[in-house]
Amino acid sequence: MLEPPTVRLTRINNACALIEIGEHAILTDPYFINYKMVGINEPVGLSVTELPPITAIIGCHCVIDHWQMESLVDYKYNKDDVRVFVAMSKQARGARRAGFHRVEVLEWGAIRRLGDLSIRSVQAHKMAGMTVNNYALRLGDNTVFFGGEARDIAPLAAYRARHGEVDVALLPVNAVHLMGLVKLVMSGQEAVHATKILGARALFVIHDAHPDIPGVIRVRSSGDDAEAAAVSNDSPDVVRVPPGVTWAFDRAPTPRAHA
């Protein structure tokens, strides 16, 4: 029996992470310059020049704390080797300005195969004229789910019902509210529940460093809430690592069917 590919996750900043699965490296929601006006309360853990050759970049939506392609201008490998998958045409334009030309806007349910790796766009939600994508990355029997701006549970349950379990889920936990009223992402407790719904063995915590901005942003949860919610025997592991730290998931998965 072939050994399953090792999955390595490196936190960079906010929802930006490097997912290494088998021989592939996938960059999520690029954010390498911590603008003062955004004010993310953590350093950028990896510089653009430290990135390995990237197979693909995936982006959940066009807001600056998730999509900052101008910070990738100095990517040192061939940009024409990188596929870029996004939710919105505005993101595609930003990618092209930064020199990445193999860009596609993926509708929910679209799947792209890059050799032995598949990337599926998964429904998230629509809000204020924006479309938000989740993504599922599959290589062999290993699946990593990325929900950089995930808010709703129902699309994740629908994904699980149709395509089966995943191994690791990268999900937000801070329940940021715009103007204190409009919920943008799920809470820590909801992220644990969502991870269970997806059948994942581990919740890799992202989106947990926004500050309160009076009258604009209200943070109502954190990774602490995720850890507090993960107390039962069937709860996933809650993985919290600082920017720049890599965590490896290499436990052999139970064979499962995927659609």
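This passage describes the strands, nonpolar cores and one residue, L117, of a predicted model. Local features are reported at pLDDT of at least 70 and side-chain atom pairs at pLDDT 80 or more, while totals for chains, interfaces and linings use all residues. Residues are numbered from 1 along each chain as its sequence is written, and side-chain values use heavy atoms, without hydrogens or water.

A good place to start is strand β17, residues 246-249 (strands are DSSP runs of E, at least two residues, numbered from the N terminus). Here W247 and F249 point to one face and are buried (under 20% relative accessible area with a 1.4 Å probe, protein chains only), while T246 and A248 point to the other face and are not buried. In a regular strand, side chains alternate between the two faces of the sheet. Strand β1, residues 7-13, pairs with β17 in the antiparallel sense over four bridges (pairing requires at least two DSSP bridges). One such bridge joins R8 to A248.

W247 and L9 are among the residues with the most contacts inside the largest nonpolar core, which has 29 residues. Such a core is a set of buried Ala, Val, Leu, Ile, Met, Phe, Trp, Tyr and Cys residues joined through side-chain atoms within 4.5 Å. Apart from it lies another core of 27 residues, including Y75 and F100.

Turning to strand β8, residues 117-127, we meet L117. L117 counts as buried because its relative accessibility is 0%. Beyond its neighbours within four places in sequence, L117 is in contact (heavy atoms within 4.5 Å) with residues including I21, H24 and L137.

Notes. Buried < 20%, exposed > 50% of the residue type's maximum accessible area, 1.4 Å probe, protein only.
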